[in-house]
Amino acid sequence: MNEEQRKQTSIDVLAERDKKTKDYSKYFEHVYQPPSLKEARKRGKEKVHYNRDFQIDEKYRGMGKGKTFLIKTYGCQMNAHDTEVMAGILSALGYQPTEEIDEADVILINTCAIRENAENKVFSEIGNLKHLKKEKPETVIGVCGCMSQEESVVNKILKSYQNVDMIFGTHNIHRLPEILEEAYLSKAMVVEVWSKEGDVIENLPKVRKGNIKAWVNIMYGCDKFCTYCIVPFTRGKERSRRPQDIIDEVRDLARQGYQEVTLLGQNVNSYGKDIDGLEYGLGDLLEDISKIDIPRVRFTTSHPWDFTDRMIEVIANGGNIVPHVHLPVQSGNNAVLKIMGRKYTRESYLDLVNRIKSKIPDVALTTDIIVGYPNETAEQFEETLTLYDEVAFEHAYTYIYSQRDGTPAAKMKDNVPLEEKKSRLQQLNKKVAYYSEQAMAQYEGQTVQVLCEGASKKDDTVLAGYTNKNKLVNFKAPKEMIGKIVDVKVDEAKQFSLNGTFLGVSEKAVVTQ
Ligand code: 5AD
Ligand code: SF4
């Protein structure tokens, strides 16, 4: 069945339900709305609407009674948080969570489009589900997240993955009840992906993973359009949530006993700029949140271009804002930074780092780096290594450049062989390991404050948690310590973690170490 036929079948099935309706357009709009990267690039001039009255229609409430769901999540924290929202919606519909994929009545694959290998993993996952769908045809399989915002992906799924029942985009999450209902009724694949973002929707239900740490979106989308990046296409234009909505959410989390929040956005430094007449930025938001009685506040991710002195000042004040800044540099060479569209230079980046270090002497700096950008020379790569030495980052996430359809970089010819890119990544990773080890070694013999999260993944007789600078610490302690900030004396520093002796509940809940 081709796309046209599939679309028509969908519409017919729905129209059949309501014979009196001659106007199929309302079905068409919901049943088949494929994405377009070109459309997604256009930034809407229309004002963003803030929908505070969102409610799940009563008629859907019993839909999931006696049924179960499972969501597989790929990618960043934003996606992980979207999964919490989808879990919230599904629970409100009456579905129960399950860990057993064979038992799930609804399976959602929340996808990541940032690099090709992330996409390949998803395709093999969807492929693996073909078997399950054959055995249990009543299972509803949905694909959502960033990949579903890409035309090429949707076309590939329509063509080769008939086991998928529904595809919906990052802007359509709140319509999950309607999309699900259509998937139950329609024999064809239901596709609903709005290329352009719509409203900011408040009070969506959420089922958070755990009750110790929480993610809080402060803004959606990205307008930076770095030339390699698909995110501005898949996540839409920058839309900040209103300060009061964020503050209320953090207050509520504090009341519920959460110990840590991470403020999320693709570029949190742009916070507030899209709201007309609002003279209020991330610095102001951090300051307001620092007054809330919650021990730890993180934020991610910061673009170096609009990191202000005001933000540095607020972080330097300490309190519950942790002294950890994740500041993706991507490259240490000016020519590469320019074609990446990063809007800063090596010198201005280093200047920012120096300003941060001088105001926040105990700061932990981490970064993201891409190697093997199209036509990156050995000398240009060398400058990334020297920049790493100059900053001495405590950790870095490193990637080989991956071509993303529809981005400006995808049109560039590339003369760097893959083998060379792999070798550069290896060289860089050696440096990352060296500086991580150095940063860890400083803790030996010191007492650190650890937010105890639960049993260690490797050994369930040991508890594990993170310091305010995000260092993983393993230690033996009574289970009652889970969810508390405790003092641990570090006995041994490893490359990416610390082992220590539990001393007791920390006297200072808020720590700047
Ligand atoms: N190829 C490789 N890495 C990428 N990133 C974003 N897009 C790409 C791409 N096309 C990396 C950047 C970013 C991090 C989240 O992912 O380093 O900071
Ligand atoms: Fe992508 Fe650049 Fe936006 Fe980060 S700032 S999400 S790298 S476009």
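Over residues 67-185 the chain is 47% helix and 19% strand, and the C-alpha atoms at the two ends of this span sit 16 Å apart. The whole model is predicted, which is worth keeping in mind throughout. The UniProt record, an unreviewed entry, labels residues 67-185 as "domain: MTTase N-terminal". The same kind of record, again unreviewed, puts "domain: Radical SAM core" at residues 208-438. For residues 208-438 the make-up is 39% helix and 16% strand, with the end C-alpha atoms 35 Å apart.

Next come the surroundings of ligand 2. Which residues are found around ligand 2? The list runs C222, K224, F225, C226, Y228, C229, V231, P232, Q266, H303 and R342. Sorted by character, this shell has seven nonpolar residues, two polar ones and two charged ones. C222, one of the residues around the ligand, has a relative accessible area of 9%. That value is under the 20% cut-off, so C222 counts as buried.

Two other residues of that shell, Y228 and C229, turn up again in the contacts of T407. T407 sits in the loop between β17 (395-400) and α15 (418-441). Leaving aside residues up to four places away in sequence, T407 touches T227, Y228, C229, I230 and F233. Is T407 buried or exposed? With a relative accessibility of 1%, T407 counts as buried.

What about links between cysteines? A disulfide is a covalent bond between the sulfur atoms of two cysteines. Here the count of disulfides comes to zero. Take C146 as an example: its nearest cysteine sulfur belongs to C112 and is 6.4 Å away, and C146 is in no disulfide. The reasoning is simple, because a disulfide needs the two sulfur atoms within 2.5 Å. C146 is also buried, at 9% relative accessible area.

Aromatic rings give plenty to look at. A pair of aromatic rings is described by the distance of the centres and the angle of the planes. How many aromatic pairs does a search of the whole structure find? The search finds 11. In one of them, Y349 and F393 have ring centres 6.4 Å apart and planes at 55°, so the pair is tilted. Y349 belongs to helix α13 (residues 346-359), while F393 is in the loop between α14 (378-391) and β17, so this pair ties together parts that are 44 residues apart in sequence. Both Y349 and F393 are buried.

Another pair, Y373 with Y401, is edge-to-face: the centres are 5.0 Å apart and the planes make an angle of 70°. Y373 is in the loop between β16 (364-371) and α14, and Y401 is in the loop between β17 and α15, so here the parts tied together are 28 residues apart in sequence. Y373 has 0% relative accessibility and counts as buried. Y401 is buried too, with a relative accessible area of 10%. Going back to Y349 and F393, these two also belong to an aromatic cluster, together with Y344, Y388, Y434 and Y435.

The backbone has a few spots that deserve a look. Most residues other than glycine have a negative phi, and most peptide bonds are trans. Which form does the peptide bond from T300 to T301 take, cis or trans? That bond is cis, with omega near 5°. T301 is in the loop between β14 (296-300) and α11 (309-316).

Positive phi values show up as well. N203, which is not a glycine, has phi near 45°, and its place is in the loop between β9 (200-201) and β10 (213-217). With 48% relative accessibility, N203 counts as partly exposed. K343 also has a positive phi, near 70°, and lies in the loop between α12 (334-340) and α13. K343 counts as partly exposed, at 47% relative accessibility.

Finally, there is K457. K457 lies in the loop between β18 (447-455) and β19 (463-466). At 88% relative accessibility, K457 counts as exposed, since the cut-off for that is over 50%. Along the chain K457 and F69 are 388 residues apart, and in space their C-alpha atoms are separated by 25 Å.

How values were computed:
Residues are numbered from 1 along each chain as its sequence is written. Chains are lettered from A and ligands numbered from 1 in the order in which they are written. This is a predicted model: local features need pLDDT of at least 70, side-chain atom pairs count only at pLDDT 80 or more; totals for chains, interfaces and linings use all residues. Side-chain values use heavy atoms; hydrogens and water are left out. UniProt positions are given in the numbering used here, feature names are shortened, and annotations may be inferred rather than shown by experiment. Helices (H or I, at least four residues) and strands (E, at least two) are DSSP runs, numbered from the N terminus. A residue is near a molecule or strand if one of its heavy atoms lies within 4 Å of it. Ala, Val, Leu, Ile, Met, Phe, Trp, Tyr, Cys and Pro count as nonpolar, Asp, Glu, Lys and Arg as charged, and the others, Gly among them, as polar. Buried means under 20% relative accessible area, exposed over 50%, partly exposed in between (1.4 Å probe, protein chains only). Contact means heavy atoms within 4.5 Å. Rings of Phe, Tyr and Trp (its six-membered ring) pair if their centres lie within 6.5 Å; planes under 30 degrees apart count as stacked, over 60 as edge-to-face and the rest as tilted.
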